[in-house]
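Reader: I'd like a close look at one part of this model, please: the largest pocket. Which residues lie nearest its centre, and what can you tell me about the helices that line it?

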Amino acid sequence: MSTTIRLAAATLGLTALLSAAPAASQALTTTARTPTATADSALSSALTFSREEERMARDLYAALARKYDGARPFSMVTNSESQHFAAVGTLLKRYGVTDPSAGKAAGTYAIPAIQNLYNGWLAEGSASLAAAYRVGVELEQRDIADLRKSIAANLPADVDIVLGQLLKGSQNHLTAYQRAVDGRLGTGAGMMRDRSAANGTTPGTGNRNGNGNRNRNGNRNGNGNGMHNGTGNGPGTGGTCSYPDATAG
């Protein structure tokens, strides 16, 4: 074979290879995006609802945190709800379920029932910080009930694992909001502090047997500002108030 013929053949081969590269790349991309499993109607419905419910909780707590100057536990639980939202998002991709939250702004939801909950709770929580704490309790109680219902619905094992993690997180959130309603927020290492306490607003206004607010050492008496923490006396629970975040299983 002459040199000219060999060069022509090599050129044709390279051209064919280059022309096939985009198609091969597209095929790999398509394969990578293919769900590892498929969802039936029950699973699709459960994941869709959970995705929007977790986003609603995140949006609502973020809005209340902004209104009350970063008040805790709202500001901290918002971060946890973002991780809950992401965990459900992983399941949506795994089972090829369309994301109901895609392209929707905060405070806008695909499911009317969730939209109504957000609107009502935002209005209620905007009345006062005390009312906002009660909203936190109501929301977490509703979330816990919905998660338990989904877990009992014979969904795939990996989904139950993730929902179980979300349930544990919501139970801790509920405890935090119940403590807030009772005026038992903490301020020490690992505890949740309401910024309003520094200004003498509810909760943390005054003390039970002394001048000023409850002090930062956890005693109920004294002249210090802030709220009692978990390292001193009183119901501060001994130093931690963590909100474990759920991760996709």
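Author: Let's pin down the word first. A pocket here is an open set of points on a 1 Å grid over the protein atoms alone, with protein on both sides within 12 Å along at least five of seven lines, and a residue counts as lining if it has an atom within 4 Å of a point. The idea behind it is simple: rolling a probe the size of a water molecule over the atoms shows where empty space is left. Also bear in mind that this is a predicted model.

Now for the pocket itself. Its volume comes to about 250 Å³, and 13 residues line it. Nearest the centre you'll find Ala46, Phe49, Asp146, Lys149 and Ser150. By type, the lining splits into 7 nonpolar, 3 polar and 3 charged residues. Two elements give two or more residues each to that lining, namely α2 (41-67) and α5. The biggest share is from α2, which supplies 6 residues.

So much for the lining; next, how its two helices sit against others. As background, two packed helices are described by the angle between their axes and the distance between the axes.

Take α5 to begin with. Spanning residues 129-151, it packs on α6 (residues 157-181) at an angle of about 160°, the axes being 8 Å apart. Angles over 145 degrees count as roughly antiparallel, so α5 is roughly antiparallel to α6. The crossing of this pair is left-handed. In the contact of α5 with α6 there are 12 nonpolar, 8 polar and 5 charged residues.

α5 also packs with α3, here at about 25° and with 12 Å between the axes. The cut-off for roughly parallel is under 35 degrees, which means α3 runs roughly parallel to α5. Their crossing is left-handed too.

Over to α2, the other lining helix. Its axis and that of α6 come within 13 Å, crossing at roughly 30°. That angle makes α2 roughly parallel to α6, and α2 passes α6 in a left-handed crossing.

There's a charged pair on α2 to look at as well. In general, side chains of opposite charge can pair when their charged atoms come close. Arg51 in helix α2 forms a salt bridge with Asp99, at 2.7 Å from N to O. The partners are 48 residues apart and link distant parts of the chain, with Asp99 in the loop between α3 (74-94) and α4 (112-125). A search of the whole structure turns up 7 salt bridges.

Last stop: the loop between α2 and α3, where two backbone details deserve a check. Most residues other than glycine have a negative phi, and most peptide bonds are trans. Asp69, in this loop, isn't a glycine, yet its phi is positive, at about 55°. Pro73 belongs to the loop as well, and the peptide bond leading into Pro73 from Arg72 is cis, with omega near 10°.

How values were computed: Residues are numbered from 1 along each chain as its sequence is written. This is a predicted model: local features need pLDDT of at least 70, side-chain atom pairs count only at pLDDT 80 or more; totals for chains, interfaces and linings use all residues. Side-chain values use heavy atoms; hydrogens and water are left out. Axes are lines fitted to C-alpha atoms, for helices over the stretch in contact, and angles run from 0 to 180 degrees between N-to-C directions. Helices (H or I, at least four residues) and strands (E, at least two) are DSSP runs, numbered from the N terminus. Angles under 35 degrees count as roughly parallel, over 145 as roughly antiparallel, 65 to 115 as roughly perpendicular and the rest as oblique. A crossing is left-handed if the near helix is turned anticlockwise from the far one by less than a right angle, and right-handed if clockwise. Ala, Val, Leu, Ile, Met, Phe, Trp, Tyr, Cys and Pro count as nonpolar, Asp, Glu, Lys and Arg as charged, and the others, Gly among them, as polar. On a 1 Å grid over the protein atoms alone, a cavity is a set of points where a 1.4 Å probe fits but cannot get out, and a pocket is an open set with protein on both sides within 12 Å along at least five of seven lines; lining residues have an atom within 4 Å of a point. Grid points are joined across faces, edges and corners, and a volume is the space filled by probe spheres set on the points. A salt bridge is a side-chain nitrogen of Lys or Arg within 4 Å of a carboxyl oxygen of Asp or Glu.
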